[in-house]
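Trainee: Please pick one part of this model and go through it closely, then follow its contacts outward. Give the cut-offs as you go.

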Amino acid sequence: MATVVLNPSSISSVAGWESGGSTASELDKDETSNQWVGNFGVTAKMTLELDNFDNTGVASIDQVQTTFVAYLGNARSGTITATTNIRNGNTGLYSEDITVTANGGNFATYNGTARTTTDGSTAWSDTVIDALRLEVLFATPAGKTYVQQAYVTVTFTESSGYGHAVSGLAAASINKINSLATANIGKVNSLD
């Protein structure tokens, strides 16, 4: 299986941020030079539109998982609840509460549950994933919320078959040429 990260492409709405909260790319995976800091004792919220998914060469979309990198700051201990929502436009697909700790004032990675369907039975599709939004609401903390990254990872199965179109057929749609299995392609044109 392969994966692709859908980083924030734009901001739909934000609230409760002391600093940050205006540039979506600051929350990209592996971005460590920026951080969003929530107001002291205030619920902080972000709703992010995500990159589109390129389904070229994709046989199936197997799962979608949220990730954010954060910690509870300006507090010696304690936790806050981060409610993550995977949305398709304005329609909620999944909601999950994740506990964020002070973690000694260091960023930690928090992964949501890997979701294999859009609603418990319907397979993920390119159309649904292209309209995904990630919403994270950090409950009123006893300090400040610090966030460094927020994104969604899509795990998928790549198409099998030949890497090039043969006789006008798409690469993923052929398993045999003249009764030869894909693994025996070297026999075509007497190469083996």
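**A loop and its neighbours**

Mentor: D30 lies in the loop between strand 3 (17–19) and strand 4 (36–38). Strands here are DSSP runs of E with at least two residues, helices are runs of H or I with at least four, and both are numbered from the N terminus. The model is predicted, so local features need pLDDT of at least 70 and side-chain atom pairs count only at pLDDT 80 or more, while totals for chains, interfaces and linings use all residues. Residues are numbered from 1 along each chain as its sequence is written, and side-chain values use heavy atoms, with hydrogens and water left out.

D30 is not a glycine, yet its phi is positive, at about 70°. With 57% relative accessibility, D30 counts as exposed; the term means over 50% relative accessible area, buried means under 20%, and partly exposed is in between (1.4 Å probe, protein chains only). A polar atom of the side chain of Q149 lies 2.9 Å from the backbone nitrogen of D30. The Q149 side chain also has a polar atom 3.4 Å from the backbone oxygen of E31. Such a polar contact is a pair of N or O atoms within 3.5 Å; within protein, one must be able to donate a hydrogen and the other to accept it, and residues adjacent in sequence count only if both atoms are side-chain atoms.

Q149 itself sits in strand 11 (residues 144–158). In contrast to exposed D30, Q149 is buried, because its relative accessible area is 7%. Leaving out residues up to four places away in sequence, Q149 touches L27, D28, K29, D30, E31, T32, T67, F68 and V69; contact means heavy atoms within 4.5 Å.

F68, one of those partners, leads to the interior. Among the residues F68 touches are A82, I98, V100, Y110, F138 and A150. F68 and F138 also appear, with M46, W124 and I129, as the residues with the most contacts inside the largest nonpolar core, which has 36 residues. Strand 6 (residues 58–73) gives the largest share of this core, 6 residues. A core in this sense is a set of buried Ala, Val, Leu, Ile, Met, Phe, Trp, Tyr and Cys residues joined through side-chain atoms within 4.5 Å. In soluble globular proteins, nonpolar side chains tend to be buried together.

V152 is another residue of strand 11. V152 counts as buried because its relative accessibility is 1%. Its contacts beyond four places in sequence are V4, V5, L6, L50, V64, Q65, T66 and L134. V152 and D51 are 101 residues apart in sequence, with their C-alpha atoms 9.4 Å apart in space.

A second loop offers a parallel to D30. N103 is found between strand 8 and strand 9 (108–111), and its phi is near 50°, again positive in a residue other than glycine. N103 is partly exposed, because its relative accessible area is 35%.

As for the setting, the protein has 1 helix and 13 strands, and the helix comes after nine strands in the pattern β-β-β-β-β-β-β-β-β-α-β-β-β-β. Of its 192 residues, 40% count as buried. Among contacts with a separation of 6 or more, residues 24 or more positions apart account for 70%.
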